[in-house]
Amino acid sequence: MTTESTNTDKDVSATEAEVNTTEEQVVEQNDVEQTEATAEVVEEEVVVELSAEQQKIAELEQALAAAQMTVADQKDSVIRAKAEVDNMRRRSAQEVDKAKKFALEKFAGEMLNVVDNLERGLATIDAEAEEQKAIFEGVNLTLQGLSSGLEKFGVKAVDPQDQPFNPELHQAMSMQEVEGVEPNTVIAVMQKGYELNGRLIRPAMVMVSKA
């Protein structure tokens, strides 16, 4: 074997080594490119999945907000309805209470005429006269019984004798100057007034002093 043959073999071996190296580099490059392509595909799929999840989360958040708003509206409606029912119950109770208190107003008005007549009758009887004493006692007992019965049902007399004049309770029929009496003082009661459970049903007819 000559020197040239040996050199030729070395060149062939070197060439083959270079070819093998190049092939390995090509394979590695292909593997890298394929790996990168796969990574890009996976990344795109992940992005798509994340976008879908975000969209679903946004839809759920909107649905939750709408549900919360509906619940708040329904809560307000329930509160308003409850308040309205409470007000209706309160008004109904007040109306029933007023109806109970003032149902006797017309009847009491009629009975007051009887009381007035009995009082006028007593004023004409001489209680000191022996022959009229029995009549006086009978009429007086009748008047006291009627007045007591009216008081049980909330009818109360307004007798403002010697009291300051009150236009809300009294009706001035005349005015008269009286020495030693303060102005606007009731000096005579011509007819008693009456209240029914605190509400005036008839003002007292009075005479008032003037300056």
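This passage walks through a sheet, a helix residue and a surface patch in a predicted model.

The sheet comes first. Three strands make up an open sheet, arranged in the order β2-β6-β3, and the pairing in this sheet is mixed. Its edges are taken by β2 (170-177) and β3 (186-191), each of which pairs on one side only. On average, neighbouring strands here are turned by 25° against each other, if direction is ignored. As a general point, strands of a sheet pair through backbone hydrogen bonds, and they do so either parallel or antiparallel. For β2 and β6 (residues 204-210), the arrangement is parallel, with seven bridges joining the two strands. One residue pair can be picked out by name: S174 has M207 of β6 as its bridge partner.

Next up is helix α2, which spans residues 105-124 and holds D116. This aspartate counts as buried because its relative accessibility is just 6%, and buried means under 20%. Leaving aside residues up to four places away in sequence, D116 touches Q191 and R202. Of these contacts, Q191 leads back to the sheet, as the edge strand β3 covers 186-191.

Things look rather unlike that at F153. This phenylalanine sits in the loop that links α3 (130-152) to β1 (155-158). With a relative accessibility of 55%, F153 counts as exposed, since the cut-off for that label is over 50%. F153 also belongs to a nonpolar patch on the surface, together with L104 and F107. Taken together, the three residues of this patch have about 310 Å² of accessible area.

Definitions and conventions
Residues numbered from 1 in each chain as written. Predicted model: local features only at pLDDT ≥ 70, side-chain atom pairs only at ≥ 80, totals over all residues. Heavy atoms only, no water. Patch = residues over 30% accessible without salt bridge, like charges linked within 9 Å, V, L, I, M, F, W, Y side chains within 5 Å. Areas by Shrake-Rupley, 256 points an atom, 1.4 Å probe, with all protein chains shown as cover. Salt bridge = Lys/Arg side-chain N within 4 Å of Asp/Glu carboxyl O. Helix = DSSP H or I, 4+ residues; strand = E, 2+ residues; numbered from the N terminus. Buried < 20%, exposed > 50% of the residue type's maximum accessible area, 1.4 Å probe, protein only. Pairing = 2+ DSSP bridges. Axes fitted to C-alpha atoms, helices over the stretch in contact; angles between N-to-C directions. Contact = heavy atoms within 4.5 Å.
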